[in-house]
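Visitor: Please show the model, and then we can go through its strands, core and charged pairs.

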Amino acid sequence: MTTNEIFLLIALVSSGIFLLQFFISLFLGDVDVDVDGDATADSDLGSVFSFKGLVHFLIGFGWTKVFFVGESWKTYFGAVLVGLVFVFVMFYVYVLAFRLQKYRAPEPPSSMVGRAGKVYINDGDGRYTISLVRDGSVRELDVVSLSGRTDYVTDQVVTIEKFENNTYYIN
C-alpha cells in the first residue's frame, strides 16, 4: 500500500464519518457522541480536541495530501495547516450555532416593575401601549396610568410603577 493510498483511505474514512454524523444529526435530531466534562453546551477549546475535531482535521489533512502528492516536508506541513484550518472553522461554526441555540428564559411579569419604556400608542382614557426590552428583545406592553393621566406623547419615556391583577401601571 503506497503512501498516497493510505492518505486516500484516511480522507475517505474521515469523510464517511463526517457524512454519517451529518445525516444522523439531520434526521435523528440532537445526537452528541462527544464526551463533555461538564454538562453545559458552551463551546471552548475542549471542543476542538474532540472526536469531531479529529474527524475535521483528518478530512483536511487527508484530502490535502491526496491532491498534493509528494513526500517533502512542505506537503506534510501544508496538509497539517489545512487540517488545522478545518478544525478551527468547525470550532467557529459551533460557536455561532451555540449562540443561536441559547434560549432566553421568559421574565416573570413582576420583573417589569421599575423598567422604563417608551410610549408607543396612546389608547385614550389613560391607557397606553409602550415598547420596552422584555425577554431579551423589544416588546409592546399595554399599561394603564395610575393617576389617569392622558397627556403622554409618543416616544415619551415612562416607568412601570406597579403590576397588579395582570395589569401594568405607570404614574
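Visitor: In the hairpin of β4 and β5, which residue takes a positive phi near 50°?
Guide: This is a predicted model, where local features need pLDDT of at least 70, side-chain atom pairs count only at pLDDT 80 or more, and totals for chains, interfaces and linings use all residues. Residues are numbered from 1 along each chain as its sequence is written, and side-chain values use heavy atoms, with hydrogens and water left out. Strands are DSSP runs of E with at least two residues, numbered from the N terminus. The hairpin of β4 and β5 has 2 residues between the strands, and the positive phi near 50° belongs to Asn 165.

Visitor: How many bridges join β4 to β5?
Guide: Two strands count as paired if DSSP finds at least two bridges between them. One of the partnerships is Phe 163 with Tyr 168 in β5. Strand β5 covers residues 167-170 and runs antiparallel to β4, and the number of bridges is 4.

Visitor: Which residue in β4 stands opposite Lys 118?
Guide: Strand β1 (residues 116-124) and strand β4 (residues 157-164) run antiparallel and are joined by 3 bridges. Opposite Lys 118 in β4 stands Val 157.

Visitor: Which element gives the most to the largest nonpolar core?
Guide: A nonpolar core is a set of buried Ala, Val, Leu, Ile, Met, Phe, Trp, Tyr and Cys residues joined through side-chain atoms within 4.5 Å; buried means under 20% relative accessible area, exposed over 50% and partly exposed in between, with a 1.4 Å probe and protein chains only. The largest one has 12 residues, including Met 112, Val 119, Ile 130, Ile 160 and Ile 170. The elements giving two or more residues to this core are β2 (127-134), β3 (137-145), β4 and β5. With 3 residues, the element that gives the most is β2.

Visitor: Which residues of β5 does Ile 160 touch?
Guide: Contact means heavy atoms within 4.5 Å, and residues up to four places away in sequence are not counted here. Among the residues that Ile 160 touches are Met 112, Ile 130, Leu 132 and Leu 141. Strand β5 spans residues 167-170, and from that range Ile 160 touches Tyr 168, Tyr 169 and Ile 170.

Visitor: How far apart are the closest N and O atoms of Arg 149 and Asp 151?
Guide: A salt bridge is a side-chain nitrogen of Lys or Arg within 4 Å of a carboxyl oxygen of Asp or Glu. Arg 149 is partly exposed at 34% relative accessible area, and Asp 151 is partly exposed at 47%. They form a salt bridge, with the closest N and O atoms apart by 2.5 Å.
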